[in-house]
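Happy to walk through this one with you. Let's take it as a short round of questions and answers.

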Amino acid sequence: MIRPKVPVNPLPTGLVTPLVEPTATVEPHAGPAPVCGCSQTPVPGQPASRVLPAVRLTPAGLVAAVAGGAGLVLVVGAVLVSMLLAVAITGASVAVCAVVLRSLINGQHHR
């Protein structure tokens with residue numbers, strides 16, 4: 001079987017000592033039992049769980065949020081439509097140029 005090699009840390013003196021894992025055991029903290037059932041306890045002076053207040057919008061805030069969202073949708077839509085229009089105009093102009101060049105080239109061959 002393949003056996004893993006133990007890493008070593010070379011010292012400046014030339015002596016090589018194997019890396020030793022700490023064997024100390026972790027003792028659980030004495031204190032109140034945690035709410036979640038895990039082995040950690042909260043730091044003293046801080047609440048165990050902090051409840052955040054719900055977001056409450058006033059009617060004016062709600063109207064402002066809706067107006068801002070609608071404005072954003074209109075701006076993004078206008079940008080996308082203008083980009084699509086630019087692509088369409090470019091494609092049409094390239095097609096017109098191709099037809100004109102084809103006509104000029106065919107006109108030279110008939111003379």
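**Confidence, fold and surface**

This is a predicted model, with a mean pLDDT of 79 for the protein chain and 59% of its residues at 70 or more.

Q: In the protein chain, which element has the highest confidence, and which the lowest?
A: Good place to start. Strand β2, residues 16-18, has the lowest mean, at 63. The highest mean, 95, belongs to α1.

Q: In what order do the elements of the protein chain run from the N terminus on?
A: The chain has two strands and one helix to place. Reading from the N terminus, the order is β-β-α.

Q: What percentage of the 111 residues of the protein chain count as buried?
A: To count as buried, a residue needs under 20% relative accessible area. Across the 111 residues of the chain, the share that counts is 0%.

Q: How much accessible area do the residues of the nonpolar surface patch have together?
A: The patch is formed by Leu72, Val75, Val76, Val79, Leu80 and Met83. Of these, Met83 sits in helix α1, which covers residues 59-109. Taken together, the six patch residues have an accessible area of about 560 Å².

Q: What share of the protein chain's exposed area do carbon and sulfur atoms supply?
A: The chain exposes about 10,800 Å². Carbon and sulfur atoms supply 71%.

Note on methods. Residues are numbered from 1 along each chain as its sequence is written. This is a predicted model: local features need pLDDT of at least 70, side-chain atom pairs count only at pLDDT 80 or more; totals for chains, interfaces and linings use all residues. Side-chain values use heavy atoms; hydrogens and water are left out. Patches are made of residues with over 30% relative accessible area and no salt bridge: like charges are joined within 9 Å, nonpolar side chains (Val, Leu, Ile, Met, Phe, Trp, Tyr) within 5 Å. Accessible areas come from the Shrake-Rupley method with a 1.4 Å probe; for residues, only the protein chains shown count as cover. A salt bridge is a side-chain nitrogen of Lys or Arg within 4 Å of a carboxyl oxygen of Asp or Glu. Helices (H or I, at least four residues) and strands (E, at least two) are DSSP runs, numbered from the N terminus. Buried means under 20% relative accessible area, exposed over 50%, partly exposed in between (1.4 Å probe, protein chains only). pLDDT is the predictor's confidence in each residue, from 0 to 100.
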